[in-house]
Structure formats: structure tokens, C-alpha cells
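Let's take a walk through this model together. Keep the viewer open, and we'll go from one landmark to the next.

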Amino acid sequence: MAKASRLLEIITILSARRFAMRAEDLADRLDVSVRTIYRDIDDLRAAGADIHGEAGMGYLLADKAQLSPLMFGESEIMAVLAGIEMVGAFTDDKLDLSAQSARQKIISVLSDRAKAQAETQLYFVPKIAGSDNRDIAHSDLRDAILKTQKLEIQYTSIKGEVSNRIIWPLGLVAWFGKWTLVAWCEKREDYRSFRVDLIDDYKQIGEPYTLSPQRNFQHFLDHMRSSHSK
């Protein structure tokens, strides 16, 4: 990676973070030495970048409002716009509107050449009405996840067994064309996945839950990846 591209990548990485990032982690991400990262940080500061921190403590970009307009490569534009198409097709109308708003904001800061590339997007993902209770379930479940609110659900398993559970909704995962809600199940005292289209009824019970290092969506994903890699 050329130095100019690497400096831009460092700014991009730091601008996406709320907490400091170690030089070692930046070096691993960019496949360079830690010493190179130290020099790059010095060069960025000399150019006016407001980067807080020091060696051994990590770095944080303070003034994110002064960043230059977005710079996307052709494949990056294609990936972002394809992702926005998928949001519209597979989630809910509220999130679709947000995705389309984001699309306009992204396109508005692209160069003329990049805008032309965006106009020739190769992916179209049609919406399928009624899929996985699309317009209702996704919006309501996402609301409960964001507010860390417990849900009471009635669920019918693939075997036809009906059960009532109190769950902590943590995140949504797409498996082979079906959305599943990942949650902590109070009945089983463990993670459980519930297919969204098999949730017969659900409601917030007005009781919040508290995440912990051993009970959160990222912990579930890490455990799942670890299990699959063995």
C-alpha cells in the first residue's frame, strides 16, 4: 500500500472509532510495522490531523468533523449500494427509508466519476411481500434490541412444539434466507435462536435487561465462530 493511501486509511479507521486504537492493532490491520505506524501518526499530525494519544496508549481522532469527503473505489461503491439494496429487501420499511437516505448522502459526496459508477450499480434485490413478517417483526424486534427491553414471546418450533419464553433480544442473523432472532432465554439460561417467521406473538414487558461481557451479541458471535472453526 502506498504511503498516501495508508495515511488515508488510518484516518478512515480512526474516524470510525469511539475509543483509542493501539498502534499494534493498526499495524496488523494495514500489514506494516508498528514503527511505520508511529511515523505515519507523526506525519498526519504534522499535516494538521487532531490525533490524541501516544505510543503504548493508543490513538483517537478528535476532530472528525473536518474530514475530507468520502473516497470510494469502484468495488467499494458496488458493495455499499448492494448492501443498501439488501436492507430494503430483507428488513423493514423504516430501516429501508434510513438506508435510502444514507444512499443519497453517500452519493452526494462522491466525485463525478464515482457518481457515474453508482448509476450503473449491478445489483437489484426485489422485495418479497410477507416474508418473515417483514414490515412488523423487524422494526419491533430491532426496537427492543436497541432499548435492551425483555420480550415475552410465543414460539412454535419446527417440530410444532409451542412454548412461551421471556427473552433478552440481542441481534438478528440471516440463515439461508430466514431471519433468526438471537436472544438470551431466561427459561434455558443460555443463548437461543428463534426463527422470526415462527414467532407467533411477542410484546415488550416493560422490563430492561443489562448486558454483560458473557451475555451479549458479540459474545454469541465469537462463540459461534469459534465453534465452527474447530
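About 30 Å³ of space lies in the largest cavity of this predicted model, and the structure holds one cavity of 30 Å³ or more. How do you find such a void in the first place? Rolling a probe the size of a water molecule over the atoms shows where empty space is left. The lining here is made up of Phe72, Ile77, Val80, Leu81, Ile106 and Leu110. Sort those residues by character and you get six nonpolar, no polar and no charged. Which helix gives the most to that lining? Helix α4, residues 74-90, does, with three residues.

So let's look at α4 itself. Its 17 residues reach 24 Å from the first C-alpha to the last, close to the 24 Å expected at 1.5 Å a residue. Buried along α4 are Ile77, Leu81, Ala82, Ile84, Gly88 and Ala89. They cover an arc of only 155° around the axis, so they sit on the same side of α4. Swing round to the other side of α4 and you'll meet Ser75 and Ala79, both exposed. If that sidedness looks familiar, there's a simple bit of geometry at work: an α-helix has 3.6 residues a turn, so residues three or four places apart point the same way.

Next up is α5, residues 93-108. With 16 residues at 1.5 Å each, α5 should span 22 Å, and its end C-alpha atoms are 23 Å apart, which agrees. Asp96, Ala99, Ile106 and Ile107 are the buried residues in α5. Viewed down the helix axis, they fall within an arc of 90°, so they line one face of α5. What do these buried residues pack against? Their partners are α4 and α6 (112-119). Ile106 is also one of the residues lining the largest cavity. On the face of α5 turned away from the buried side, you'll find the exposed residues Lys94, Leu97 and Lys105.

Now jump back to the start of the chain. Helix α1, residues 3-15, has 13 residues that should span 18 Å at 1.5 Å a residue, and its end C-alpha atoms are 18 Å apart, in agreement. Arg6, Leu7, Ile10, Ile11, Ile13 and Leu14 are buried in α1. Their arc around the axis is only 165°, which puts them on the same side of α1. The cover over these residues includes α2, α3, β1 (51-54) and β2 (58-61).

The loops have a couple of backbone details to check. Asp31, in the loop between α2 (23-30) and α3 (34-46), has a phi near 60°, a positive value in a residue other than glycine. Is Asp31 buried or exposed? Its relative accessible area is 71%, so Asp31 is exposed, the cut-off being over 50%. Glu189 also has a positive phi, near 55°, and isn't a glycine either; look for Glu189 in the loop between β5 (178-185) and β6 (190-195).

Finally, find Leu170 in strand β4, residues 162-175. At 7% relative accessibility, Leu170 counts as buried. Leaving aside neighbours within four places in sequence, Leu170 is in contact with Ile145, Val182, Ala183, Trp184, Tyr191, Tyr209, Leu211, Asn216 and Phe217. For a link back to where we began, try Val87: C-alpha to C-alpha, Leu170 and Val87 are 19 Å apart in space, with their positions 83 residues apart in sequence.

Terms used. Residues numbered from 1 in each chain as written. Predicted model: local features only at pLDDT ≥ 70, side-chain atom pairs only at ≥ 80, totals over all residues. Heavy atoms only, no water. 1 Å grid on protein atoms, 1.4 Å probe; cavity = no way out; pocket = protein on both sides within 12 Å on 5 of 7 lines; lining within 4 Å. Points joined across faces, edges and corners; volume = space filled by probe spheres on them. Helix = DSSP H or I, 4+ residues; strand = E, 2+ residues; numbered from the N terminus. Nonpolar A, V, L, I, M, F, W, Y, C, P; charged D, E, K, R; others polar. Expected span 1.5 Å × (residues − 1). Buried < 20%, exposed > 50% of the residue type's maximum accessible area, 1.4 Å probe, protein only. Arc of directions from axis to C-beta. Contact = heavy atoms within 4.5 Å.
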